[in-house]
Each structure stands twice: as C-alpha cells, then as structure tokens.
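Visitor: I would like a close look at one part of this model, taken slowly. Please choose a spot where charged side chains and enclosed space can be discussed together.

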Amino acid sequence: MKLIFFLILVLTALSGLMTVLTKDLFRSALYLGLTLFGTGLLYLFMGYDFVGWTQILVYVGGVVLLMIFTIMLAKESIMRPLENTVRNPFTTGLFALIIFLLLLLIGKTFYFVPVGLEKDVTFLPSLIFQSKYLIPFEILSILLLVAFMGAILLSKRE
Amino acid sequence: MIGTILLTIIYVFVALFIVLYITWIERKFAARLHNRVGPYYVGRPHGFLQPFADVLKLLLKEDIVPEQADKKIFNIAPIIVFVGALLTFPVLPVAKNIYISDLSVGLIYFFAVSSLMVFGVFLAGWASNSKYALLSAFRAGAQVVSYEIPLILSALIPVVLAGSLRTNDIVQAQKVPFALYPVFGWVAFIIFVISGLAEENKVPFDVPEAESELVAAYNVEYSGMKFALFYAAEYVHILALSVLGSILFLGGYRGFYPTFGPEWLYQIFWLLFKTFIMLILFLLVRWSFVRIRIDRLIIFSWKYLFPISLINLFLASLWKLLF
C-alpha cells in the first residue's frame with residue numbers, strides 16, 4: 001500500500017513537472033490532467049473519498065476537458081512548439097524557492113491539526129442531502145450558473 | 001481480499017459476455033425491425049456464434065497506425081476508453097450482498113470514472129491527425145459535456161429522495177418493488193434514458209458518428225483490436241448505464257420472489273431482467289428514430305432537458321424537506 005502511495009506521489013510530481021517543461025501545448029494539458037488525477041488519488045489515500053472522486057469528476061472530466069477543447073479550437077499559430085520564455089532564471093528560481101518555503105511553512109502550521117469529523121467520508125454528502133442546507137446549496141449553484149450565462153452574453157460580439 | 005479479486009474477475013467476464021451478446025441481440029433486433037433476417041449462418045439457425053466470429057475477425061486484422069499520427073497518444077486512447085467503461089462496474093450491486101465495493105460516494109465514482117471515457121475520445125480524435133476524426137471528437141465532446149449535466153441531475157433525484165450516494169442504500173430506499181419514485185422519479189427516468197442515449201452517441205444522437213459526412217467516428221483511423229476496444233467500450237458503457245438506471249429508478253435487485261431457495265439468485269435474476277428491459281428500451285429508441293441535426297441536439301439539451309431536470313431536482317428536494 002505504501003509502495004502504491006509512493007508511486008502515485010512520484011507520478012503526480014513528475015506529471016506536474018512535465019506540464020511546465022513540455023513544448024507541446026496539447027501534451028501540457030494532458031499532463032495537467034494527469035497531475036489533477038494523481039492529486040485526486042492522493043485524497044483517496046488519505047481517506048477523503050468524496051473530495052477525491054469529486055476532484056477527478058470536476059477537474060479531469062470537466063476543467064481539463066474544456067481546456068483541451070479550447071486548445072483544439074484555437075488557431076494554428078498557437079499550436080507551434082512553445083518557446084522557453086524564462087529570461088531570468090535566477091529571479092524565477094528565487095521566487096519559486098520562496099513560494100515553496102511559504103507552502104512548507106503553511107503545511108507545517110496547519111496540516112497536523114487533528115481533523116476529526118471531516119475525515120468521515122459520509123459527512124459531506126449527508127450534510128448536503130439530509131439537511132436544511134440542500135435548498136440554499138441549489139440556489140447558490142443556480143446563482144453561479146446565471147453569472148456564467150451573463151458572462152457569456154457580455155463577451156459575445158455585436 | 002481474494003474473494004474480492006475473484007468477484008472482480010467474474011464481474012469482468014460476465015460483463016464482457018453480456019456485451020458480446022448485446023451486439024448479437026442488437027443485430028437481430030435491428031434486422032427484425034427492418035424486416036430482414038440478420039446474422040444466420042454462423043451458429044445456425046439463429047447466428048448464436050456470430051459475436052465470436054466477429055471477435056476472431058477483429059483479432060486477425062492488421063493493426064494500422066497512421067504515419068502522421070501522434071503514436072503514443074494514439075495507442076493509449078482506446079485503452080483509456082475501455083478501462084474507463086469497465087471501471088464503472090465495482091459500485092453496481094447485483095444482489096444485496098454481492099458487490100465489489102460499497103463506496104459511500106458510489107454515484108460520484110460512477111460519473112467520475114465514466115468521464116474518463118470522453119477524455120479517451122478526445123485523445124483518439126486528436127492523435128489520429130485526421131480531420132474527420134478531429135471533427136467527430138469535437139462533436140462527441142460537445143454532446144457528451146452537454147448531456148452529462150441532465151444525466152447527473154436526473155440521477156440525483158433518487159439520491160435526494162434516498163438521502164445517500166451509496167447505490168445499495170438507494171436500492172434499499174425503494175420500498176415497493178418496481179415502484180418508481182413519485183412524479184419526479186418518472187420525469188427523471190425519462191431524462192435519464194434520453195441523456196443516456198446521447199451519452200452513448202447512439203441514434204438519434206449519433207452526429208459524432210454520422211457516416212455520410214464524417215465517414216464513421218473518432219475511430220476512423222483505428223483498425224483491428226484497437227477499433228474493437230472502442231466498440232466494446234461503447235457497449236460496456238451501455239450495459240453499465242442500464243444497470244445504473246435499473247438500480248436508480250426500477251428498484252435494482254428488489255422484486256417478488258418465493259421464500260425457498262437462495263435469495264441472491266432471485267435478486268440477480270431481477271437485476272438482469274430490469275437491465276434487459278432498459279437495454280431493449282435503448283435499442284428500440286435507437287432503431288426507430290432518425291438522426292437529429294447537431295445544433296438542435298445541443299439546443300434540446302440546454303434549453304429543454306437542463307431546465308426541466310433542474311426544476312425537477314428543486315421540487316424533489318423541496319418535497320423531501322416538507323414530507
């Protein structure tokens with residue numbers, strides 16, 4: 001089990017790296033999908049079933065798919081191999097290091113707080129479906145949808 | 001552990017066997033509707049062995065990879081589609097105590113895994129480096145993304161009424177055998193069947209395949225076993241959706257049975273019976289309608305099915321809260 005966890009960890013990290021390094025835009029999107037899939041699997045290993053599968057459903061099946069769709073619809077010019085645009089490797093590296101250390105700090109501070117109730121995998125679905133939160137939840141999603149439609153309408157020409 | 005592995009192997013083999021015979025049933029069924037005879041010679045008198053002959057033929061075909069194709073992605077795509085289709089089965093219980101995994105988020109798992117199939121279709125269309133395949137993948141993507149929303153929203157009705165995402169709980173919540181839920185359930189069932197058909201790229205929603213304009217589908221460039229994987233994945237997914245539909249709306253393995261004999265045997269019989277009804281429903285629609293134009297197809301999903309299923313879900317949750 002430990003070995004599988006480690007393999008998924010390596011796969012996720014590698015595909016995350018490849019997302020940035022690959023020259024092909026389409027491949028880059030694919031690696032991003034793999035990274036998000038791996039993240040979902042990591043959630044599953046921690047016992048958060050709901051979060052893990054929702055991550056895979058929403059990100060791999062939705063967001064990355066839409067990205068690929070956009071890339072396929074784009075003009076020919078966007079499909080040329082990407083150039084390496086890093087001009088100042090030193091500054092970039094420094095910023096990356098600072099962000100990494102910051103994340104490490106946040107992780108050290110908040111990660112080991114006992115989570116208790118939220119680890120219960122049936123908690124979130126029953127919170128949504130068996131309580132008074134259901135209707136506010138739905139109204140909220142409709143609100144988001146209306147905002148989405150408005151954005152499409154505004155960005156339309158003519 | 002060993003029991004689960006054995007059960008998984010049995011699941012896979014039974015599913016693939018049923019899928020083989022769905023193709024035979026479909027050919028016979030279509031032939032009868034067209035006033036033809038259908039497969040006849042292999043396994044006389046009714047062509048019982050035709051599926052095996054088909055598999056053998058596909059196995060013996062030459063495997064062609066186009067020169068200009070993106071070979072790695074080209075080879076991975078059919079595997080992703082097939083595995084995605086097959087992975088949907090673990091959460092589908094065939095009897096009260098026979099299931100591979102009793103996941104507490106079973107339905108989300110089902111849809112998450114089947115969304116991998118669309119991913120594979122996109123990869124196939126892109127990697128083939130053919131305009132027909134690419135256009136077909138576009139259409140398939142647009143169609144599946146639009147129809148997935150009504151499909152999931154209608155599948156949420158039993159979830160809301162049963163108060164659980166676990167497939168076994170949903171079956172248990174349906175007290176009377178064969179009973180659909182009140183009006184919401186009927187509406188949801190109809191939407192589920194329509195969007196299920198669209199999800200499969202089947203007639204009347206088969207614009208991605210459109211033989212007359214796009215040659216065949218995103219799998220034009222594929223031959224031999226890789227083509228067979230796409231073909232099989234489609235039928236495996238139809239089977240999975242039929243089982244899911246009978247679990248969500250028709251009461252799953254519940255039914256009338258005598259008190260003697262093993263209970264699970266009757267339950268498996270009822271589940272297969274209901275699945276068969278769903279399959280025949282899919283086939284009947286498939287072979288009696290004509291193809292819809294692509295813009296009307298998308299409009300049908302977004303302007304009619306989506307609002308109806310949204311209102312339906314809203315009313316169902318209101319009903320659940322009040323009573």
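Guide: What follows is a walk around one buried ion pair in chain B and the cavities of the structure. The model is predicted.

Start with B:Glu26 and B:Arg286, which form a salt bridge whose closest N and O atoms are 2.3 Å apart. B:Glu26 belongs to helix H1 (residues 2–33) of chain B and B:Arg286 to helix H10 (residues 263–288) of chain B, so this pair ties together parts that lie 260 residues apart in sequence. Both B:Glu26 and B:Arg286 are buried.

Next to B:Glu26 in sequence, B:Arg27 also sits in helix H1 of chain B, and its partner B:Asp54 is in helix H2 (residues 50–60) of chain B, 27 residues apart from it. The side chains of B:Arg27 and B:Asp54 meet in a salt bridge at 2.8 Å, N to O. B:Arg27 counts as partly exposed because its relative accessibility is 36%, and B:Asp54 counts as partly exposed at 23%.

Now the enclosed space. B:Glu26 and B:Arg286 both line the second largest cavity, which has a volume of about 70 Å³. Other residues of this lining include B:Ile22, B:Lys202, B:Tyr235 and B:Phe282. H1, H9 and H10 of chain B each supply at least two residues of the lining, and the largest share, four residues, comes from H10(B). By class, seven of the lining residues are nonpolar, none is polar and three are charged.

For context, the whole structure has three cavities of 30 Å³ or more. The largest has a volume of about 170 Å³. It is lined by 16 residues, and those closest to its centre are B:Met117, B:Val121, B:Glu199, B:Asn201 and B:Tyr218. Helix H4 (106–127), helix H5 (131–162) and helix H9 (224–248) of chain B each give at least two residues to that lining. The lining of the largest cavity has nine nonpolar, three polar and four charged residues.

The salt bridges can be placed in context too: the structure holds six over all chains. Among the others, B:Asp169 pairs with B:Arg166 at 3.5 Å, N to O, and these two are linked with B:Asp102 in a network of salt bridges. B:Asp169 is partly exposed, with a relative accessible area of 32%, and B:Arg166 is partly exposed at 21%.

To return to the starting point, B:Glu26 and B:Arg286 are joined by a salt bridge, are both buried, and both belong to the lining of the second largest cavity.

Notes
Residues numbered from 1 in each chain as written. Chains lettered and ligands numbered in written order. Predicted model: local features only at pLDDT ≥ 70, side-chain atom pairs only at ≥ 80, totals over all residues. Heavy atoms only, no water. Salt bridge = Lys/Arg side-chain N within 4 Å of Asp/Glu carboxyl O. Buried < 20%, exposed > 50% of the residue type's maximum accessible area, 1.4 Å probe, protein only. 1 Å grid on protein atoms, 1.4 Å probe; cavity = no way out; pocket = protein on both sides within 12 Å on 5 of 7 lines; lining within 4 Å. Points joined across faces, edges and corners; volume = space filled by probe spheres on them. Nonpolar A, V, L, I, M, F, W, Y, C, P; charged D, E, K, R; others polar.
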